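Welcome! Please have a look at the sequence and the model below, and then we can walk through a few of its features together.

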Amino acid sequence: MKPIKNVTIGISTYGELPRAHLLINSIYKHISDKPADVNLEIVLCDDGTNPAHLGERREFCKRNRVRLIEHGVNRGISQVWNTIVEQSPNADMIIINSDGVRHISTGWLSRMIYFLEKNERIGGIGTPTVGNPNDYHPEESRYSGTPGLVGCPVGCSFAFRKEVHQLIQNIDGSIGFWNSLLSFHEELNFFLALAREGYLSYMLPFPASYYRGGMAFGIHPELVWRNEDPYLSKDEFLRWARESQWYTPQYEQYYDTGQFGRMMFSRIMFAKYWGILDECMNGRRYQDIKQE
């Protein structure tokens with residue numbers, strides 16, 4: 001296996017609040033385990049924050065040796081991750097962190113590098129998270145287990161060799177993460193596509209990080225909506241959205257104007273691509289697995 005010498009930690013962020021700044025501070029605090037021969041770069045991709053609010057972010061990145069990429073307009077998480085990969089030409093390994101992650105102990109970096117160096121045909125690896133840092137007790141047995149095979153590592157803290165990114169070509173022409181998904185199921189689609197190519201993914205048992213998910217969507221309602229996509233028509237979307245347990249009747253007024261909830265739209269696009277809608281149309285809506 002080719003040794004890992006260059007690691008890029010890529011972070012997505014949106015809005016003026018310094019969520020990513022707090023994450024970066026926690027990264028620097030908990031990377032003393034970095035192998036001496038590994039070069040580490042932190043890349044922050046801002047996905048369309050108003051330029052008037054970027055002054056502090058630019059200064060923070062300059063002070064803290066962080067490379068800042070500015071999208072200018074909101075393109076969605078998939079394109080942020082693809083941009084980070086494409087603009088890290090020397091990277092052997094990419095680590096993706098959501099700006100809601102806070103590292104609370106050392107060990108995650110060296111373990112990720114070691115696992116990808118010592119194992120072949122790996123899609124991706126993730127590290128566990130807790131919803132409250134007070135719930136993290138590293139002496140618990142769950143943190144001393146062995147890595148577990150998963151369909152997809154957790155989307156807020158995962159890593160992969162850069163070379164596998166090029167193996168996936170999506171139906172919208174994007175490479176790696178499916179751009180048209182925008183903001184949901186992007187990591188799930190990517191790692192399932194890698195599994196189809198024979199690259200399996202794992203979760204490491206230790207160490208955990210603290211993760212507060214959905215903060216950007218909670219305070220930026222403009223991120224909730226998206227336009228129609230060539231892959232999924234309005235009529236097809238409405239058919240399945242109205243049958244979903246997450247259907248929200250109040251959203252119908254937005255559907256009439258061509259605006260659709262990102263999460264629901266991505267769920268249905270994902271389900272269509274992987275044949276789940278075909279299964280539903282054939283009456284196979286649920287699958288019971290014996291003793292599970």
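Why is the sulfur of Cys45 not in a bond with the closest cysteine sulfur?

## Cysteines

Please keep in mind that this is a predicted model. The cysteine sulfur closest to that of Cys45 belongs to Cys61, and the two atoms are 11 Å apart, too far for a bond. A disulfide would need the sulfur atoms within 2.5 Å. The structure as a whole holds zero disulfides.

How accessible are the cysteines, then? Cys45 has 0% relative accessibility, so it counts as buried. Cys280 reaches 16% relative accessibility and counts as buried too, because the cut-off for that word is under 20%.

## Strands β2 and β3

Cys45 also takes part in strand pairing: its bridge partner in β3 is Ile69. From β2 the chain passes through helix α2, residues 55-63, before it gets to β3, and this β-α-β crossover is right-handed. The two strands, β2 at residues 39-46 and β3 at residues 66-70, run parallel and are joined by five bridges. As a general point for anyone looking at side chains here, those of a regular strand alternate between the two faces of the sheet.

## Lys62 in the crossover helix

Helix α2 is also where you will find Lys62. Is this residue buried or exposed? Lys62 has a relative accessible area of 70%, so it is exposed. If you would like a distance to check in your viewer, try Lys62 and Gln166: their C-alpha atoms lie 30 Å apart in space, with the two positions 104 residues apart in sequence numbering.

## Helix α6 and its surroundings

Now let us turn to helix α6, which spans residues 186-196. Which of its residues are buried? They are Glu186, Glu187, Asn189, Phe190, Phe191, Ala193 and Leu194.

Several elements help to cover these buried residues. Among the helices that do so are α3 (77-86), α5 (162-165) and α10 (262-273). The strands that contribute include β6 (122-126), β9 (157-161) and β10 (200-203). Just after α6 comes Gly198, whose phi is positive, at about 95 degrees.

## A buried loop residue

Where does Leu223 sit? Its place is in the loop that lies between α7 (215-219) and β12 (225-226). Leu223 has a relative accessible area of 5%, so this loop residue is buried.

For a second distance to try, take Leu223 and Ser144, which are 79 residues apart along the chain. Their C-alpha atoms are separated by 38 Å.

How values were computed:
Residues numbered from 1 in each chain as written. Predicted model: local features only at pLDDT ≥ 70, side-chain atom pairs only at ≥ 80, totals over all residues. Heavy atoms only, no water. Pairing = 2+ DSSP bridges. Helix = DSSP H or I, 4+ residues; strand = E, 2+ residues; numbered from the N terminus. Right-handed = clockwise from strand over helix to strand, strands pointing away. Buried < 20%, exposed > 50% of the residue type's maximum accessible area, 1.4 Å probe, protein only. Contact = heavy atoms within 4.5 Å.
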